[in-house]
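Here is a short report on strand pairing and cysteines. The model is predicted.

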Amino acid sequence: VVDGEAEFRFRPRANEDFIGRSTMVMDVVVGSRAVESRNISFRVCGEVAVWTVAVPVRRGERVDTGLLTADLRDLDSLPSDTVLRDEPLDRVEAARSLSVGSVLCLSMLRRVPDRQRGASARIVMTNGVLTVSCTGEMMEDGFVGEYARARCERTQKVISGELQASGYLVVELPGATMAALHGVLGGE
């Protein structure tokens, strides 16, 4: 205990998630100087709505809310990758078999790709004015809005581009690059 007024300053650990048992350092500050520091620990209690498995789910089976039930669980008893009830479950499948009563976690799920590895792909390269396209094959699973690789059927070159909802793999090229490519193809 210090004489007069003191300020308490709390310093949580860099990776503290404040779920369950937590610790931090409490500094007693007088003026602008820390006169004492103490480690303190505490337990954060609370419940959160999570998804639990309602029926057995086989590996590779599509997972949606029809196979799950919402339950309240203690925060400190949940794995860090638990899927909360308000989180979307769009286009996911079980990465392994799931038993009834299991709390659903991200590690148990696998996203279903919008375009699977080995599927045909239309590769479109454009600079906004000129567009060149070719057919190819996906070299990896692709997800709309993310980059993926595909091999051009004619040249066997591997090209990386953003997968569009239309199924096209789009490569945005700067003007000079497109002009050089167009010159190689013999166009004006």
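Two strands pair if DSSP finds at least two bridges between them. Strand E7 (residues 92-94) is joined to E8 by three bridges, and the two run antiparallel. One bridge links Val92 with Arg111 in E8.

This pair belongs to an open sheet of three strands, ordered E5-E7-E8, with antiparallel pairing. Strand E5 (62-63) and strand E8 (109-111) are the edges. Each has a single partner strand, so one side of each lacks a neighbour in the sheet.

A second set of three strands also forms an open sheet, in the order E1-E2-E3. Its pairing is antiparallel. Strand E1 (7-12) and strand E3 (33-44) stand at the edges. Each of them has a single partner strand, so one side is left without a neighbour in the sheet. On average, neighbouring strands here are turned by 30 degrees against each other, direction ignored.

Strand E2 (residues 20-30) pairs with E3 over eleven bridges, in the antiparallel sense. Among the bridged residues is Val29, whose partner in E3 is Ala34.

Now the cysteines. How many disulfides does a search of the whole structure find? The search finds zero. Two cysteines are listed below with their burial; the cut-off for buried is under 20% relative accessible area.

| Residue | Relative accessible area | Class |
|---|---|---|
| Cys105 | 5% | buried |
| Cys152 | 3% | buried |

Cys105 counts as buried because its relative accessibility is 5%, under the 20% cut-off. Cys152, at 3%, is buried by that cut-off too.

Methods: Residues numbered from 1 in each chain as written. Predicted model: local features only at pLDDT ≥ 70, side-chain atom pairs only at ≥ 80, totals over all residues. Heavy atoms only, no water. Helix = DSSP H or I, 4+ residues; strand = E, 2+ residues; numbered from the N terminus. Disulfide = S-S within 2.5 Å. Buried < 20%, exposed > 50% of the residue type's maximum accessible area, 1.4 Å probe, protein only. Axes fitted to C-alpha atoms, helices over the stretch in contact; angles between N-to-C directions.
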